[in-house]
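Colleague: Could you walk me through how the helices in this one fit together? I'd love to hear the reasoning as we go.

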Amino acid sequence: MARDTRAPHEILEHIIEARVALTSALYGLSEERLTDTSAFGTWSCKEIMGHIGRWEEVCYQVIQNHLKGIEPTENYSQEFLAFNDSWESELRTLSLSEVVTLFEAAHYRLFGLLNRLQPEQWDTFVRGWTQVCTYGHFEEHTHEIQAWRK
């Protein structure tokens, strides 16, 4: 992954654009389509929304801790598939309404944190986590959803 050297306001604009594309691909689908577990292997759009929300929760906590000088004890970059697997059964038990709340609230909280950062706080660590957990992640799943919708 290439290091993102753009100005913070450009990164925030990219997050907004990628999020709009993602939500545009999701919203308007019926509950039946959102919960169709054959959409992406064994995942539905609902599970993708929960998955994205969970990673944004993690990103929020990791960045907040980083700003306090506390580095992660978990190896998220090497173990991300294991984290996905460990969350999968819990996310499946959530109702669509609960997943939408997770998806929206986690994003709102993370974006608020990023928006409040001072330019000097946008170090390599924050930029990397932001790329992986926001616009990069949104774009990855937006493309999957758009292809499935066709």
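Here is our conversation about the helix packing and the nonpolar core of this predicted model.

Colleague: How are H3 and H7 oriented, roughly parallel or roughly antiparallel?
Modeller: Happy to start there! Helix H3 (residues 45–67) and helix H7 (residues 135–149) pack with their axes 11 Å apart, at an angle of about 175°. Angles over 145 degrees count as roughly antiparallel. H3 and H7 are therefore roughly antiparallel.

Colleague: Which residues of H7 make the contact with H3, and how many residues of the contact are nonpolar?
Modeller: On the H3 side, the contact uses Cys45, Ile48, His51, Ile52, Trp55 and Glu56. H7 contributes His137, Phe138, His141, Glu144, Ile145 and Trp148. By type, the residues of this contact include two charged and three polar, and the nonpolar ones number seven.

Colleague: Which helix gives the most to the largest nonpolar core?
Modeller: That core has 45 residues, and Leu114 and Trp129 have the most contacts inside it. Helices H1 (8–26), H3, H4 (76–93), H5 (96–116), H6 and H7 each supply at least two of its residues. With 10 residues, the helix that gives the most is H3.

Colleague: Leaving aside neighbours within four places in sequence, what is Trp129 in contact with?
Modeller: Good one to look at, as Trp129 is among the buried residues of helix H6 (residues 124–133). Beyond those sequence neighbours, Trp129 is in contact with Trp55, Val58, Cys59, Val62, Ile63, Tyr76 and Thr134.

Colleague: Which residue caps the N-terminal end of H6?
Modeller: Look at the backbone nitrogen of Phe125, where a side-chain oxygen lies 3.2 Å away. That oxygen belongs to the capping residue, Asp123.

Key: Residues are numbered from 1 along each chain as its sequence is written. This is a predicted model: local features need pLDDT of at least 70, side-chain atom pairs count only at pLDDT 80 or more; totals for chains, interfaces and linings use all residues. Side-chain values use heavy atoms; hydrogens and water are left out. Axes are lines fitted to C-alpha atoms, for helices over the stretch in contact, and angles run from 0 to 180 degrees between N-to-C directions. Helices (H or I, at least four residues) and strands (E, at least two) are DSSP runs, numbered from the N terminus. Angles under 35 degrees count as roughly parallel, over 145 as roughly antiparallel, 65 to 115 as roughly perpendicular and the rest as oblique. Contact means heavy atoms within 4.5 Å. Ala, Val, Leu, Ile, Met, Phe, Trp, Tyr, Cys and Pro count as nonpolar, Asp, Glu, Lys and Arg as charged, and the others, Gly among them, as polar. Buried means under 20% relative accessible area, exposed over 50%, partly exposed in between (1.4 Å probe, protein chains only). A polar contact is a pair of N or O atoms within 3.5 Å; within protein, one must be able to donate a hydrogen and the other to accept it, and residues adjacent in sequence count only if both atoms are side-chain atoms. A nonpolar core is a set of buried Ala, Val, Leu, Ile, Met, Phe, Trp, Tyr and Cys residues joined through side-chain atoms within 4.5 Å.
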